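Here is a friendly walk through the model on your screen. Keep the structure open beside the text and follow along.

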Amino acid sequence: MRVVLDTNVLLAALISPYGLPETIYRAWLARRFLLVTSTTQLDEIRRASRYPKLKAILPPHRAGTLVNQMQRAVVLQDLPALPEGMATDDPDDAFLLAMALAGEAEFLVTGDRRAGVLERGSVGRARILLPAAFCAQVL
């Protein structure tokens, strides 16, 4: 099973060791699913982990470890443009849809209710779920 995890889910897993994002992260480390990522997302993780509000609660070595671990995932180098008419409310999150399509993912897991990704319900064959729904239905 191929899964795309939104950057906010991955960072939340590093910040809180007791939440559902951490459960999902640990399931991936245990090889319960194949993570689909991209160089775009890896760059976003590096950039976001340097934001002052995140630096205060997320040690840099944890973000570095995450990026290193993600090298064993399916890492897409070049993401295709989204099909005509497919967009998100936040253009910075369009790469998530492209990753799900190009990586032939079955699920895209996001905690962001404002970017317009979750409201789509699906992209290609990937169902878009909140972490709680993903855990309840899949893990």
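Ala-100 sits in helix α6, which spans residues 94-102; helices (H or I, at least four residues) and strands (E, at least two) are DSSP runs, numbered from the N terminus. This is a predicted model, in which local features need pLDDT of at least 70 and side-chain atom pairs count only at pLDDT 80 or more, while totals for chains, interfaces and linings use all residues. Residues are numbered from 1 along each chain as its sequence is written, and side-chain values use heavy atoms, with hydrogens and water left out.

Is Ala-100 buried or exposed? Ala-100 counts as buried because its relative accessibility is 3%, where buried means under 20% relative accessible area, exposed over 50%, and partly exposed in between (1.4 Å probe, protein chains only). Not counting residues up to four places away in sequence, Ala-100 touches Val-4, Ala-105, Leu-108, Val-123 and Ala-126; contact here means heavy atoms within 4.5 Å. Ala-100 and Leu-76 are 24 residues apart in sequence, and their C-alpha atoms are 10 Å apart in space.

**The sheet**

Six strands form an open sheet with mixed pairing, in the order β3-β2-β1-β4-β6-β5. Its edge strands, each pairing on one side only, are β3 (74-76) and β5 (122-123). Two strands count as paired if DSSP finds at least two bridges between them. As general background, strands of a sheet pair through backbone hydrogen bonds, either parallel or antiparallel.

Strand β1 (residues 2-5) runs parallel to strand β2 (residues 34-38), and three bridges join them. The β2 and β3 strands also pair in the parallel sense, over three bridges. On another side of the story, β1 and β4 run parallel and are joined by three bridges. Some of the facing residues are listed here.

| Residue | Stands opposite | Strand of the partner |
|---|---|---|
| Arg-2 | Leu-34 | β2 |
| Val-3 | Leu-35 | β2 |
| Val-36 | Val-74 | β3 |
| Val-4 | Leu-108 | β4 |

Val-4 and Leu-108 may look familiar, since both are among the residues that Ala-100 touches. Strand β2 is largely enclosed by the rest of the structure, because four of its five residues are buried.

**Helices around the sheet**

Helix α3 lies across β1, β2 and β3, and runs at about 80° to β2. For such angles, axes are lines fitted to C-alpha atoms, for helices over the stretch in contact, and the angles run from 0 to 180 degrees between N-to-C directions.

Why is helix α2 (residues 20-29) described as largely enclosed by the rest of the structure? Seven of the ten residues of α2 are buried, so the helix is largely enclosed. Those buried residues are Pro-21, Glu-22, Ile-24, Tyr-25, Ala-27, Trp-28 and Leu-29. They pack against β1, α1, β2, α5 (60-69), β4 (107-109) and α7 (131-137).

**Two loop residues with positive phi**

Arg-31 lies in the loop between α2 and β2. Its phi is near 65°, a positive value in a residue other than glycine. Arg-31 is exposed, with a relative accessible area of 65%. Glu-104, in the loop between α6 and β4, also has a positive phi, near 50°, in a residue other than glycine.

**The largest pocket**

How much space lies in the largest pocket? The volume is about 430 Å³. On a 1 Å grid over the protein atoms alone, a pocket is an open set of points with protein on both sides within 12 Å along at least five of seven lines, whereas a cavity is a set of points where a 1.4 Å probe fits but cannot get out. Grid points are joined across faces, edges and corners, and the volume is the space filled by probe spheres set on the points.

The pocket is lined by 17 residues, and Asn-8, Leu-11, Glu-44, Ala-48 and Tyr-51 lie nearest its centre; lining residues have an atom within 4 Å of a point. The elements giving two or more residues to this lining are α1 (7-15), α3 (39-48) and α4 (52-55). Helix α1 supplies the largest share, five residues. By type, the lining divides into six nonpolar, two polar and nine charged residues. Here Ala, Val, Leu, Ile, Met, Phe, Trp, Tyr, Cys and Pro count as nonpolar, Asp, Glu, Lys and Arg as charged, and the others, Gly among them, as polar.
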